[in-house]
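Hi,

Here is the structure I promised to pass on. Have a look at it first, and my notes on what turned up follow below.

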Protein chains: 2
Amino acid sequence: MSQVNRRIVLAARPHGEPNASHFRLEEGRVPTPQEGEVLLRNRYLSLDPYMRRRMSAAKSYAAPVAIGDTMVGATVAEVVASHHPDHPVGETVVGFGGWQDFALSDGKGLRRLDPAAAPVTTALGVLGMPGMTAYTGLLNIGRPKPGETVVVAAAAGPVGSLVGQIAKLKGARAVGIAGGPEKCAYLTGELGFDAAIDHRSDSFADDLAAACPQGIDVYFENVGGAVFDAVLPLLNDFARLPVCGLVSGYSATELPPGPDRIPVLMRAVLSKRLHLQGFIVWDFAAQEAAFLEEVGGWLREGRIRHREDIIDGLENAPDAFAGLLKGRNFGKLIVKLA
Amino acid sequence: MSQVNRRIVLAARPHGEPNASHFRLEEGRVPTPQEGEVLLRNRYLSLDPYMRRRMSAAKSYAAPVAIGDTMVGATVAEVVASHHPDHPVGETVVGFGGWQDFALSDGKGLRRLDPAAAPVTTALGVLGMPGMTAYTGLLNIGRPKPGETVVVAAAAGPVGSLVGQIAKLKGARAVGIAGGPEKCAYLTGELGFDAAIDHRSDSFADDLAAACPQGIDVYFENVGGAVFDAVLPLLNDFARLPVCGLVSGYSATELPPGPDRIPVLMRAVLSKRLHLQGFIVWDFAAQEAAFLEEVGGWLREGRIRHREDIIDGLENAPDAFAGLLKGRNFGKLIVKLA
């Protein structure tokens, strides 16, 4: 291996929205796998909102990326050298290869892909972490019942689009929130959502209320902020709120002005008997096989659809990631590596 | 029946803390039961924090008491006239007789008491709504595991004291929060709590942290406000918060000053995978028999203790109720009717 390994490292912790200055492209030698390791050639890199939180020093469910370290991320990769009995050269896998051309792995967290069964990029989206996030959060915490109303934001994204489609498969009404008329048209026209609301509209809160005449029974929370404020008064008694992400606040540099509305939220929790529960997909790791079987089946049968937004070149990942946090992508954002 | 029925009605909705001016003692004729009804002579009236919310016009899980209507409340009563086949004259029952000497009932919500089995006042406390609130909220939502830390405020009250004692029976550590050294001594000295923290102390938040060296796994929320603020940073991953009451805010006339900390709370929900769930005891009505059997058994076996604070005279109910909201009572607050 005389090739160069290009990698994107965290250059500085952003205060506010991340931009190119917070990343640095470095070049180094391709590492050599030791006994029990494989060398991965990353082919596709997944960009996901959680990465913004890893760029911060704040404590969360996972340790922050250190300054100078390679940015973390899921990749679809090819095994190009192997000293691991389970992963021969030539195998295609999904794992956590990070923002770089090559990565070493001891096999932990690698999953073999069958390129004949589904396009390999689906392992980063509808059949990967985002899809499993939607599936486990909605079914374990949201538990939609037939006839109930399920609301999800970022609904044209890989998590939200599956939340709405699974809600429909379970007999519920699906109301999606997205940015702009094109994404809204996609939700109702292609994905079968019952209604789609543009959060950029001045009448957003009224539009949402009009789309939920029976109130909201499940709100899949992945954005927070103004969307949550509009949802809160519409929640029905015994509504369930899987709290999956709060992307609108990931780059916030200060709290919103007062008054302090924690008492408003807690009174709603009490009066309406709300169920709020935070989760990350790995809390439900034991359900991965069930997820792959059920969602894989729906995908093969054409009962669910998905969309990918694939950009070219590792060097473009920082800008694409900044756009992701602003909703610039349309579909699962993936970087195709050279 | 030539007797007079004295009743306390809601005279005005309080803005802030309730006082005598919000109630009015009225006298009227004792009503006559029709076919299918019984006449109850109330003997004991339960005073509970939830009544403050019924005095407000704000929407909640139950309709507000109308101005001029008799205040609602649970009572232990004697059947003094009956046209109901299930409830003969002389029977002692617990029901919703309200703040008055006499009440009519169609039998709905009445439960026969056996005065030989337990003192009848327990049907308003440890074996009544407060006890069942503690039992159902802790076991269904809190789900304490052996070795975990359970924190409850208003811990010398009828709900909190049972929460802590059941937590101990389930093998968890119990940390109680109460107002003043006398109540704190009662928690550790008589009820077996592992620690008791005085929320009136200037060092309250530090004291609580010191009493929870392994963090908090279950926080049974019945007060809100400053106690919740002290609890939030101590919560462990996957902590459960049964939200039962928010008494510190029931008389608040405005929200606390900013910034708006909803994002702080929601980030904690997400990062720590918290489970917040509001409930009222009747959500678990189907568990009443199990509650009576299990807690009744613990009481007979001396494995749990309880304390009552009984005051005399319907006319003293308003003042006693105002004191309840300030933590002036010590034990389950009950009014003995003449």
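A single open sheet of 12 strands runs through both chains, in the order β10(A)-β9(A)-β8(A)-β11(A)-β12(A)-β13(A)-β13(B)-β12(B)-β11(B)-β8(B)-β9(B)-β10(B), and its pairing is mixed. Strands here are DSSP E runs of at least two residues, helices are H or I runs of at least four, and both are numbered from the N terminus. To count as paired, two strands need at least two bridges found by DSSP. At the edges sit β10 (195–198) of chain A and β10 (195–198) of chain B, each of which pairs on one side only. On average, neighbouring strands of this sheet are turned by 15° against each other, direction ignored.

Before you go further: this is a predicted model, where local features need pLDDT of at least 70, side-chain atom pairs count only at pLDDT 80 or more, and totals for chains, interfaces and linings use all residues. Residues are numbered from 1 along each chain as its sequence is written, while chains are lettered from A and ligands numbered from 1 in the order in which they are written.

Back in the sheet, β8 (residues 149–152) and β11 (residues 216–220) of chain A pair in the parallel sense over 3 bridges. A:V151 has A:Y219 in β11(A) as its bridge partner. Helix α4 (residues 181–189) of chain A lies across β9 (173–178) and β10 of chain A, at about 170° to β10(A). Angles are taken between N-to-C directions, from 0 to 180 degrees, with axes as lines fitted to C-alpha atoms, for helices over the stretch in contact.

How do the two chains relate? Chain B can be laid on chain A with an RMSD of 0.0 Å by a turn of 180° and a shift of 0.0 Å along the axis (a least-squares fit on C-alpha atoms of residues with pLDDT of at least 70 in both). The copies are therefore related as by a two-fold rotation axis. In chain B, the C-alpha nearest that axis belongs to B:G258, 1.6 Å away.

Chain A itself is divided into domain 1 (4–125 + 308–336) and domain 2 (129–282), with bounds from an automatic or database domain assignment. Their centres, taken over C-alpha atoms, are 28 Å apart. Domain 1 of chain A puts 15 residues into the contact and domain 2 of chain A puts in 13, where contact means C-beta atoms, placed from the backbone, within 7 Å.

Cheers

Terms used. Two residues are in contact if their C-beta atoms, placed from the backbone, lie within 7 Å.
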